[in-house]
Amino acid sequence: MYRHTLLWFTNNLRVDDNPVFEHASNSEHLTCLFIQHPRENRTNRFGFKGIGRHRQSFLNQALVSLDSHLHTMNQSLECVENGYVDALSQIILRDQIEHLVTSRHTGSYEQDALKEIASRFPHLVITVLETHTLFRERQLPFALSELPDSFTPFRKKVEGIKIDAPASMPSRLPPRKQDYQAKPATGEPTDNAFNGSEQSALAHLEHYFSGDLPSTYKETRNGLDEWECSTKFSPWLALGILSPKRIIQRLNRYEDEVVANDSTYWIYFELLWRDYFQWYAHKWGNKIYHQTGPFDRKPLTSFYPDRMKSWIEGTTPYPIINAAMRQLKATGYQSNRARQLVASCLVHELGIDWRYGAAYFEEALIDFDLASNWGNWQYLGGVGADPRGHRQFNLAKQTQTYDPEGLFIKRWGGEEMMLPINRVDYHDWPIEMK
Ligand SMILES: Cc1cc2nc3c(=O)[nH]c(=O)nc-3n(C[C@H](O)[C@H](O)[C@H](O)COP(=O)(O)OP(=O)(O)OC[C@H]3O[C@@H](n4cnc5c(N)ncnc54)[C@H](O)[C@@H]3O)c2cc1C
């Protein structure tokens, strides 16, 4: 039994299926903490922030929800804005922490902070639990260094491994030692369809599996616009408000009680993709950000500010791209098909270094997940886990297939302002436009 434990929440902002609680309970006192790093609100070297307005509101809602859940268990959530090492050090000293419990994270800032804390406080016991993936690393039938370079061999090796049952919820937690002046989280409402509370996540999960949508997922999942064409689990999964194991458990129940078919299998298949990118990020560390990827390929290195601006604002010569980018800006969400098209367009039609696209997505997406985002961008940038190494979508053909009547384009104003790709000539003179 420890005297004082610190529970640092990162990518596990939930009470359901969260094994950190069991480990944090073995203590006389407990401090629950969330740290927002100020770096996220600074402009990075690509010219974007680490978090935009959609995800920030969604995150605030998640924090309010977690705090109120913790109150029912005799606890509360302290939210601070500071660098990770400084924030953790201050609380370890203030509360004389003996045990730190947290969730495993693919982020290097989070991992480096834990290393620094371990060296600053050698007496501290640190427990890191795997809450973000379907599998634990030890369940993988290969060493992490042997993770296959592409998805299919990974899938073949892990398919069939039994996924742990979700952890049970604690009824009570050790108390705080005293009430500190914690900065309370605020969760203002958002203008998009997602709400960051855990209650909304679980209600959405239940709603999705209570109709017949899962039984047609494979046919509808490539839709560009309709809310019901795919699961929409991603924003909750990304912040760990919803557990991937809970989804699998609910999916299995649906398969037992309603139907098991190609579509229900495909939901599992897509969640395996998510797990693949998590392990890919764990394996390759910072190489997930490298322009040449983990395999030292040679991508485009060019950058054109005016083309980038057109891409972001949806004023390229391609209506389907414009519609998708306007949708992203307005809602923080874009379908998987649209993400593939806009990434392909950035790299191939616009000739821009893929990392600028990934960095913009990091700011703009409501469901930004480090591993899924940078892993998918490397894939489409031709430097990642794609065995073909080159993937360019034919935008006219894709428009014909996925928006034959132009409804998506019309809804998001994809033809409102279409500018030519080049707006300056070779000598940087503006080209006159009609
Ligand atoms: C360039 C690019 C960037 C992306 N960035 C992110 C990101 O930051 N965060 C994120 O969660 N997803 C990302 N994806 C993957 C995918 O587009 C989204 O997960 C999906 O569109 C979310 O909608 P959904 O929950 O309805 O997905 P569904 O089609 O219902 O899929 C179910 C779940 O499977 C997982 N999944 C599906 N496709 C993928 C995939 N290609 N890679 C990883 N996981 C997948 C997601 O967790 C998703 O919620 C990206 C894809 C591309 C091409």
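**A ligand between two domains**

Good morning. In this predicted model, domain 2 (199-284) and domain 3 (305-411) both give residues to the shell around the ligand, so the ligand lies between them.

Let me stay with that site for a moment. There are 28 residues around the ligand, and those that come nearest are S230, T231, N336, N373 and N376. The elements that contribute two or more residues to this shell are α8 (234-238), α10 (262-284), α13 (336-349) and α15 (370-380). By class, the shell around the ligand holds twelve nonpolar, nine polar and seven charged residues.

I turn now to the domains. Besides the two already named, the division of the protein chain includes domain 1, which covers residues 2-131. The centres of domain 1 and domain 3, taken over C-alpha atoms, are separated by 32 Å. Contact between these domains involves twelve residues of domain 1 and 14 residues of domain 3. On the side of domain 1 that touches domain 3, four residues are nonpolar, six are polar and two are charged.

Finally, I would like to present one pair of helices. Two packed helices are described by the angle between their axes and the distance between the axes. For helix α3 (residues 84-95) and helix α4 (residues 108-120), the axes come within 9 Å and cross at roughly 40°. The two helices, α3 and α4, are therefore oblique to each other, and their crossing is right-handed. From α3, the residues Y84, V85, L88 and S89 meet Y109, E110, A113, E116, I117 and R120 of α4. This contact of α3 with α4 comprises six nonpolar residues, one polar and three charged.

Thank you for your attention.

Definitions and conventions. Residues are numbered from 1 along each chain as its sequence is written. This is a predicted model: local features need pLDDT of at least 70, side-chain atom pairs count only at pLDDT 80 or more; totals for chains, interfaces and linings use all residues. A residue is near a molecule or strand if its C-beta atom, placed from the backbone, lies within 6 Å of it. Helices (H or I, at least four residues) and strands (E, at least two) are DSSP runs, numbered from the N terminus. Ala, Val, Leu, Ile, Met, Phe, Trp, Tyr, Cys and Pro count as nonpolar, Asp, Glu, Lys and Arg as charged, and the others, Gly among them, as polar. Domain bounds come from an automatic or database domain assignment. Two residues are in contact if their C-beta atoms, placed from the backbone, lie within 7 Å. Axes are lines fitted to C-alpha atoms, for helices over the stretch in contact, and angles run from 0 to 180 degrees between N-to-C directions. Angles under 35 degrees count as roughly parallel, over 145 as roughly antiparallel, 65 to 115 as roughly perpendicular and the rest as oblique. A crossing is left-handed if the near helix is turned anticlockwise from the far one by less than a right angle, and right-handed if clockwise.
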